[in-house]
Amino acid sequence: MVYADKESCVACGRCVLYCPVQAIEIRETAFIDPQKCVECGTCIRAECPVDALKQPELQPPRLLRKLFSDPLARFEQTDVPGRGTEEMKTNDVTNNFKFGDVGWSVEMGRPGVSTSFRDVETVTTALAEHGVEFIELNPLSMLIDHKTGKFTEKNPWNLTLSGVRSIRTLSAIIECKSSIDKASEIVEALNDVSDKIDTVFTVGIISRWKDGEIEVLPVLEKIKDVHVRPNGKHNVGIGRPGFN
Amino acid sequence: MTHTHYREGSVESLKGDFVFVITGAKGYNKKGCAPRLREMTRLATQFIPVNMGCMEYGNLSRGLPAKSIIENIKDSDLIQVVYDNKEDAANALRSLKEADLGISVVISGLHDEVKDIVKQAGVADYPHTANITIGFMGKKSLAASDDIRQITTMCGHHMISAKIVEHLIEMIKSDRVTPIQAAIQVSKQCTCGAFNTRRAEKIFEELAKK
């Protein structure tokens with residue numbers, strides 16, 4: 001794991017300020033708590049005045065912390081930088097999300113709290129109970145049984161279940177899809193499961209624009225205590241497949 | 001994921017925040033798309049973005065020149081370009097539409113403002129697909145305060161700690177740094193270039209007055 005070289009560290013505390021998960025404290029030199037550290041690389045990029053922070057090569061399961069937390073790490077299997085997929089960013093080309101579909105991006109640990117994978121499994125299991133379709137090529141989808149939402153040992157890193165559950169990351173994105181008529185039920189399921197975890201998660205909802213409106217919006221507006229934020233991201237529709 | 005739909009703050013503040021993402025589609029038009037990504041980024045850069053870059057190479061906030069960012073774009077890159085006003089965003093989109101290079105563009109911002117931009121740029125009456133949010137759930141007491149999240153959520157991957165933001169607010173209060181210096185300092189942690197330095201300057205200024 002990342003560590004501060006005791007010979008060179010001058011205990012200035014700069015890295016303490018920059019760590020997004022408060023994993024660093026100053027003892028005689030900088031000490032990085034191995035349980036809290038998510039290997040995001042922020043401290044390495046925080047311009048340590050004496051270059052004391054070192055990042056050795058990591059092996060699974062520790063490596064998974066870095067793959068999920070450091071945007072500069074790349075999952076070979078997805079060929080997408082970062083921890084998610086292209087989701088709706090290329091939907092004008094792929095048509096992965098059609099009229100009547102709703103895409104879900106439930107980002108565990110966001111904003112800025114971090115998450116254990118035990119909590120991730122609690123939420124994936126709750127979503128699976130509602131028959132969602134987990135998105136292929138998402139790094140988290142590669143660790144779970146798509147029918148039950150539970151972690152599986154059939155994963156690209158050959159991790160044991162206890163190995164997977166030992167992972168802690170800055171965030172992890174659960175990406176899945178459902179029909180629009182299940183949208184209320186899924187929001188309620190997320191609301192229920194949010195009381196059973198020791199972290200936070202953001203909820204992103206993908207939907208096509210239809211006749212000048214976002215198709216899922218009227219459904220969400222009917223759910224009690226749900227407030228749709230006024231900003232979001234929008235694929236403008238100028239992409240097309242196979243263009244050279 | 002670019003996470004730019006999770007940016008928090010008042011509607012007034014978000015009126016000065018538009019993030020473009022330009023990327024090829026795996027299996028459809030990604031292979032060999034780098035020249036088109038470079039051309040689209042070059043066009044977008046003409047409309048004076050407040051930040052731009054891509055994750056693996058770097059961004060303006062980390063001191064890289066736009067020319068160098070553009071030259072180093074690869075097929076697999078996801079380009080981010082940030083504008084602080086609607087007019088520049090609409091003009092940039094019009095330019096990308098006219099170039100007609102077939103690569104997808106996503107704009108993050110207020111839903112109604114982005115809808116207007118798409119129409120003003122002559123693309124369509126409304127966008128193709130949306131990713132909206134209902135905020136966050138769970139143990140909310142673990143998250144940073146509403147004030148601090150206005151800054152931290154501008155880094156898509158949440159590389160900016162609440163502690164450094166709080167520290168810089170105190171530094172501004174004691175006249176040791178200016179709001180723009182604070183904004184530039186935290187923007188260096190945002191590796192992909194989605195951070196809006198101009199908006200952050202205004203937020204730092206407001207928070208330091210509290």
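Visitor: How many bridges pair strand 10 of chain A with strand 6 of chain B?
Guide: This is a predicted model, and here we look at a strand from each chain. Strand 6 of chain B covers residues 129–138, and it runs antiparallel to strand 10 of chain A. One of the pairs puts V200(A) opposite G138(B). The pairing of the two strands counts eight bridges.

Visitor: Which element gives the most to the side of chain A that touches chain B?
Guide: Let's begin with the whole contact: 70 residues of chain A meet 69 residues of chain B. Elements giving two or more residues to chain A's side include helix 1 (14–18), helix 6 (183–193) and strand 12 (231–235) of chain A. The top giver, with ten residues, is strand 10 of chain A.

Visitor: How many nonpolar residues are on the side of chain A that touches chain B?
Guide: Sort that side by class and you get three piles. The charged pile has 13 residues and the polar pile has 25. The nonpolar pile has 32.

Visitor: Which element gives the most to the largest nonpolar core?
Guide: In soluble globular proteins, nonpolar side chains tend to be buried together. The largest core here has 133 residues, and C15(A), V123(A) and L93(B) touch the most other members. With six residues, the element giving the most to this core is strand 10 of chain A.

Visitor: Which residue of chain A does L93(B) touch, leaving out residues up to four places away in sequence?
Guide: L93(B) is one of the residues that touch the most other core members. On chain B, L93(B) touches V105(B), I117(B), A121(B) and V123(B). Over on chain A, the residue touched is V236(A).

Visitor: Is K86(B) buried or partly exposed?
Guide: K86(B) sits in helix 4 of chain B, residues 86–99. Setting aside neighbours within four places in sequence, K86(B) is in contact with F18(B), E113(B) and I117(B). Being buried takes 20 or more other C-beta atoms within 10 Å. K86(B) has 18 other C-beta atoms within 10 Å, so it counts as partly exposed.

Visitor: What separates the C-alpha atoms of K86(B) and K15(B)?
Guide: Along the chain, these two lysines are 71 residues apart. In space, their C-alpha atoms are separated by 7.6 Å.

Visitor: How far apart are the C-alpha centres of the two domains of chain B?
Guide: Chain B splits into domain 1 (4–120) and domain 2 (140–209). Their contact takes 22 residues from domain 1 of chain B and 19 residues from domain 2 of chain B. The C-alpha centres of these domains lie 22 Å apart.

Visitor: Which strand supplies the largest share of the side of domain 1 of chain B that touches domain 2 of chain B?
Guide: Two strands of chain B each give at least two residues to that side: strand 2 (51–54) and strand 4 (78–83). These two strands of chain B also pair with each other, antiparallel, over four bridges. With four residues, the largest share comes from strand 2 of chain B.

Visitor: Are the residues on the two faces of strand 2 of chain B buried or exposed?
Guide: Take one side at a time. N51(B) and G53(B) are on one side, with M52(B) and C54(B) on the other. M52(B) has V81(B) as its bridge partner in strand 4 of chain B, while G53(B) has N59(B) in strand 3 of chain B. Both faces are covered, and all four residues are buried.

Visitor: How many residues lie between strand 2 and strand 3 of chain B in their hairpin?
Guide: The two strands of chain B run antiparallel, and two bridges join them. In the hairpin they form, the number of residues between them is three.

Visitor: What span is expected for helix 9 of chain B?
Guide: Helix 9 of chain B, residues 197–209, has 13 residues. Its buried residues, among them F204(B) and L207(B), pack against several elements of chain B, including helix 7 (162–173) and helix 8 (179–187). From first C-alpha to last, helix 9 of chain B reaches 19 Å, close to the expected 18 Å.

Terms used
Residues are numbered from 1 along each chain as its sequence is written. Chains are lettered from A and ligands numbered from 1 in the order in which they are written. This is a predicted model: local features need pLDDT of at least 70, side-chain atom pairs count only at pLDDT 80 or more; totals for chains, interfaces and linings use all residues. Domain bounds come from an automatic or database domain assignment. Two residues are in contact if their C-beta atoms, placed from the backbone, lie within 7 Å. Ala, Val, Leu, Ile, Met, Phe, Trp, Tyr, Cys and Pro count as nonpolar, Asp, Glu, Lys and Arg as charged, and the others, Gly among them, as polar. Two strands pair if DSSP finds at least two bridges between them. A nonpolar core is a set of buried Ala, Val, Leu, Ile, Met, Phe, Trp, Tyr and Cys residues joined through C-beta atoms within 7 Å. A residue is buried if 20 or more other C-beta atoms lie within 10 Å of its own, exposed if 12 or fewer, and partly exposed in between; C-beta atoms are placed from the backbone. The expected span of a helix is 1.5 Å times one less than its number of residues.
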